[in-house]
Protein chains: 2
Amino acid sequence: MPAAAFDIATSRPDAAPEFSPRQQVVLQHALTLLVDGGEKALTTAGLARTASCSKESLYKWFGDRDGLLAAVVAYQASQVQFPSEAGATADPETFQTHVAAFVEALLGVLFSETSLALNRLSIGQSNTNSNRLGQLLLVRGKHMISARARNMLETGRRHGLLKFDDAEDAYQVLYGLAIRDVHIRLLLGEAASPAEKDLKAQAETAVGQFYQLFGA
Amino acid sequence: MPAAAFDIATSRPDAAPEFSPRQQVVLQHALTLLVDGGEKALTTAGLARTASCSKESLYKWFGDRDGLLAAVVAYQASQVQFPSEAGATADPETFQTHVAAFVEALLGVLFSETSLALNRLSIGQSNTNSNRLGQLLLVRGKHMISARARNMLETGRRHGLLKFDDAEDAYQVLYGLAIRDVHIRLLLGEAASPAEKDLKAQAETAVGQFYQLFGA
DNA sequence: AAGTCTCCGAACCGTACGGTACGGTTCCCT
DNA sequence: AGGGAACCGTACCGTACGGTTCGGAGACTT
């Protein structure tokens, strides 16, 4: 058994894998291949050629192809950044716009071609390999975002701006109102309608409806 | 070029493909393989062995592997049936329970292992083959359901039970409230929580929130 | 300058799978 | 009964790709 250079099973979710600059360049190339070609376009030989590295280095760095895929997911997850929420609760109005900004950022991430490509990859592999990629994407992506969202909503409740029993439930509703079935349609390859591309408007509409349900 | 026995591009979406009984049995075997093994588990040799048919017949019936996958999707789509809506608008209360029943049926379909497997398959292939499978699933599955839902909501509006401008928008909200992010999490391989498995309760909650937003 | 480490490039191997060809069998039709 | 179509089972071929190995070139250390 070759030395597993990147083993998600033993690495803690919040520990940054710290890829070397050279490795990050290679992972970026892998991401590009993946975005415009799907999984089958990402072959070890193809990546080595594109990134001007040797297959030997790939196997040394990432263990095997699965390790490479996992590394790509982890790398991209580490790139996603959300706006901070400094001073977001100054008054009710700015809090609502802050929530809308959060939702808009969420839509921006989920609808980006990179995110879609990685979701497609993870979903395609979800009934093999004991599903490492799906878990990785959930833990490093969705659950992180969910935690931040719950935190934000709890803040709103503490300030008497929102009213709900369970923050997770409330976030789920906000997510549903914002995403609807657009995500799955995009994953299936349908193009977004012009209205759906106006993320700001979509976010504001969703937050408006959310306030109808959970506003204090 | 072999004769394409099943070409989705030239067949109208509402024309039933009419598979022979023998072919349906084979497609059912293919579906089973797909459900508990993912795409890579569905090989022509494996299917021929499982279904006790020859590879030659597979290629004769479905043209090539893509045609087989398309046939599986079309076959499963033809199997999905929704409850009729006879006398659903007798009075406001039964209409709401009818909507809830529709949503529950929708959840039942989307969260079934067969639907999940086919969605995973289509999504995994969505950036190859000019995306035939995704289109097929959308046209034969989602869009059909969406049309029925819009029809139902329009009926409610005509009877003064609901209030909205665009039926599609309203349906999207209903969908979002019902599905939230459960679908994508299931697609990624996460197991549903006990609460999420209570489809009836989930549907009623979603419809309740929907009425808060769109009830007359 | 010699030694060592890293990495590139290329050749190579094994395997899995899509697709084809062919002989033998069953079943229907006349 | 006889002929033909459909079909099963299997052997076979070509290819694509994951993974390994090896030679050699630069870079860094001492």
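A residue counts as near a DNA strand if its C-beta atom, placed from the backbone, lies within 6 Å of that strand. The views below show a predicted model.

**View 1. Chain A is built from helices.**
Chain A holds 11 helices and zero strands. Along the sequence its pattern reads α-α-α-α-α-α-α-α-α-α-α. Its C-alpha atoms fill a box of roughly 60 × 35 × 30 Å along the principal axes. Of the 216 residues in chain A, 39% are buried. Take the contacts in chain A between residues at least 6 apart in sequence: 67% of them join residues at least 24 apart.

**View 2. Both chains line DNA strand D.**
Strand D is surrounded by 19 residues. The closest are A:T43 and A:R65 from chain A, with B:C53, B:S54 and B:S57 from chain B. Three helices each supply at least two residues of this surface: α2 (44–51) and α3 (55–62) of chain A, and α3 (55–62) of chain B. The largest share, four residues, comes from α3(B). By class, the surface near strand D has nine charged, five polar and five nonpolar residues.

**View 3. Both chains also line DNA strand C.**
Around strand C there are 16 residues. Those that come nearest are A:C53, A:S54 and A:S57 from chain A, plus B:T43 and B:R65 from chain B. Here α3 of chain A gives two or more residues to the surface, as do α2 (44–50) and α3 of chain B. Seven residues near strand C are charged, five are polar and four are nonpolar.

**View 4. Chain B meets chain A.**
The contact takes 32 residues from chain A and 33 residues from chain B. On the chain B side, helices α6 (113–124), α7 (132–158), α8 (167–179), α9 (182–187) and α11 (199–214) each supply at least two residues. The largest share of that side, six residues, belongs to α8(B). Its make-up by class is 16 polar, 11 nonpolar and six charged residues.

**View 5. Helix α8 of chain A is largely enclosed.**
Helix α8(A) covers residues 167–179, 13 residues in total. From first C-alpha to last, α8(A) reaches 18 Å, close to the 18 Å expected at 1.5 Å a residue. Why is α8(A) described as largely enclosed by the rest of the structure? Because 11 of its 13 residues are buried. The cut-off for buried is 20 or more other C-beta atoms within 10 Å of a residue's own. The buried residues include A:A167. An unbroken run from A:A170 to A:I179 is also buried: A:A170, A:Y171, A:Q172, A:V173, A:L174, A:Y175, A:G176, A:L177, A:A178 and A:I179. Cover comes from both chains. In chain A it includes α5 (92–110), α7 (132–158), α9 (182–187) and α11 (199–214). In chain B it includes α8 and α11. Just after α8(A), A:R180 takes a positive phi of about 50°.

**View 6. B:D36 sits in a loop of chain B.**
B:D36 lies between α1 (21–35) and α2 of chain B. Is B:D36 buried or exposed? B:D36 is exposed, because it has 10 other C-beta atoms within 10 Å, and 12 or fewer count as exposed. B:E113 is 77 residues away from B:D36 along the chain. The C-alpha atoms of B:D36 and B:E113 are separated by 8.6 Å.

Conventions
Residues are numbered from 1 along each chain as its sequence is written. Chains are lettered from A and ligands numbered from 1 in the order in which they are written. This is a predicted model: local features need pLDDT of at least 70, side-chain atom pairs count only at pLDDT 80 or more; totals for chains, interfaces and linings use all residues. Ala, Val, Leu, Ile, Met, Phe, Trp, Tyr, Cys and Pro count as nonpolar, Asp, Glu, Lys and Arg as charged, and the others, Gly among them, as polar. Two residues are in contact if their C-beta atoms, placed from the backbone, lie within 7 Å. The expected span of a helix is 1.5 Å times one less than its number of residues.
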